[in-house]
Amino acid sequence: MTSRPLACDIFCTVVDNFGDVGVAWRLARQLAADYQWSVRLWVDDLATFAHLAPGFDAGKRWQRYGDVVIEHWGDALSDGETLQIADVVIEAFGCDLPPVYLGAMAERSPAPVWINLDYLSAEDWVGDFHLRPSPHPRLPLTKWFFFPGLGPHTGGVLIERGLASAREAFQADPVARRALFASLGIGAPADGTLVVSLFAYENPAVANLLGEWRDGAAPVLVLVPVGRIGPEIAHFLGVESFDASTRATRGALTVQALPFVDHPRYDQLLWSCDLNFVRGEDSFVRAQLAARPFVWHIYPQQDDAHLPKLEAALALYSRNLDAPAAGALRSFWLRWNGMPQGEAGRWMEYLQHRAELDKCARDWLAELEAPGDVAANLAEFVESRLK
Ligand code: TRH
């Protein structure tokens, strides 16, 4: 191996929302910070990326942001300009590499280690496919499929060094929590308030849930990052629109809109809440790392292809719960994901198992960490290929 830092190019296309670029950005930062790799992140939609990176200038083709170089993946990569090919090339989520870059990879000696970073799944097959090679049909290159996952023999999830101690320190420090809320323009919630963060896609189930909280005995504060679920919340509240300044109280329920914050502050928000509603992939993982109970709104796919993924995650996550608590959790998640549950899966049922579900969230961390984390597993694999 060379003594210079490894150079790594990560390519990412923004399909929709923030998940793909969120994962790519998190991985880029971790490889730079924890492994001192020299990382360049190529993104085709810098305006979306800018939501995750305060102060980032989406108009610039190239810029250094923190430890990472961010480059616009645009025309320049199709007109044959001279390209620096990195030691490690990661395509995020099957985005096809630019042909000119791929051609230059084939001419590089030694060939770069070429990885496809796939979507995370808790399904059993992931362990069988993780780190399988796929030789290119024409070029002397091999692509390796790297699968993040929740179970053994997978690539694990992204966990930055020092994350657990930062979270533990934050969760033990009420002043830090108050400071976060103050920075978000929220006063400290009164003692006994259930504090919930709610990040979700459009979801018809939200009105019922908000109604249960409104009519309940205990105060509930729901913090909602502005976004796709906003119109349904506005409709429930009977207000015209839901923007970052919305705050409304109905019965025992207070709903407060939040601005979109950067990754570190979003983590702190998850660490601060008693229950987190998350979606997609990256926030789903961060909620698990918060050691707090959570509800997953899975990214809906055609032909309900997402349902086996949801069931697989539920089965793994709840396997140490007793049957009534596991059943309440499953019904609650399924109802939230649009599957009729009759009278099951309501808040009152979930609440009865709250202590077990809180414990489950804490205990789950050890299982989540068991396969090792994505960046460590990736760095180890790359080293083994470069020897
Ligand atoms: O945004 P998502 O729904 O992303 C996706 C995409 O839809 C993608 O195409 C799909 O493949 C994938 O899900 C499964 O949800 P996700 O993955 O949680 O990404 C949100 C990102 O936004 C994540 O990195 C956390 C971040 N975030 C913040 O940084 N600040 C915030 O305030 C919030 C609410 C989120």
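Author: Helices in this account are DSSP runs of H or I with at least four residues, strands are E runs with at least two, and both are numbered from the N terminus. The model is predicted.

Reader: Where is the place of Pro-110?

Author: Pro-110 belongs to the loop between α3 (99-107) and β6 (113-117). Residue 110 falls in neither run, so it is assigned to the loop.

Reader: What kind of peptide bond joins Ser-109 and Pro-110?

Author: The bond is cis, with omega at about -5 degrees.

Reader: What makes Gln-36 and Asp-304 notable in the backbone?

Author: Neither is a glycine, but Gln-36 has a positive phi of about 55 degrees, and phi of Asp-304 is near 55 degrees. Gln-36 is in the loop between α1 and β2 (38-43), while Asp-304 is in the loop between β14 (294-297) and α11 (307-317).

Reader: Which residues are the closest to the ligand?

Author: They are Asp-16, Tyr-201, Val-261, Asp-282 and Ser-283, and the ligand is surrounded by 22 residues.

Reader: What makes the approach of Arg-279 to the ligand a polar contact?

Author: A polar side-chain atom of Arg-279 is 2.9 Å from a ligand oxygen atom, within the 3.5 Å cut-off, and therefore the pair qualifies. By that criterion Glu-281 also qualifies, because a polar backbone atom of this residue is 2.8 Å from an oxygen atom of the ligand. Asp-282 has a side-chain N or O atom 2.5 Å from an oxygen atom of the ligand. The ligand taken alone exposes 710 Å², and the protein buries 97% of that area.

Reader: Which pocket does the ligand take?

Author: The ligand takes the space of the largest pocket. Two or more residues of the surrounding shell come from each of α1 (19-35), α9 (263-272) and α10 (282-289). The largest share, three residues, is that of α1.

Reader: Why is the ligand said to lie between domain 1 and domain 2?

Author: Domain 1 (7-158 + 372-386) and domain 2 (163-369) both give residues to the shell, so the ligand lies between them.

Reader: What is the shell around the ligand by class?

Author: The shell has 10 nonpolar, six polar and six charged residues.

Note on methods: Residues are numbered from 1 along each chain as its sequence is written. This is a predicted model: local features need pLDDT of at least 70, side-chain atom pairs count only at pLDDT 80 or more; totals for chains, interfaces and linings use all residues. Side-chain values use heavy atoms; hydrogens and water are left out. A residue is near a molecule or strand if one of its heavy atoms lies within 4 Å of it. A polar contact is a pair of N or O atoms within 3.5 Å; within protein, one must be able to donate a hydrogen and the other to accept it, and residues adjacent in sequence count only if both atoms are side-chain atoms. Accessible areas come from the Shrake-Rupley method with a 1.4 Å probe; for residues, only the protein chains shown count as cover. On a 1 Å grid over the protein atoms alone, a cavity is a set of points where a 1.4 Å probe fits but cannot get out, and a pocket is an open set with protein on both sides within 12 Å along at least five of seven lines; lining residues have an atom within 4 Å of a point. A molecule sits in a cavity or pocket if more than half of its atoms lie within 2 Å of its grid points. Ala, Val, Leu, Ile, Met, Phe, Trp, Tyr, Cys and Pro count as nonpolar, Asp, Glu, Lys and Arg as charged, and the others, Gly among them, as polar. Domain bounds come from an automatic or database domain assignment.
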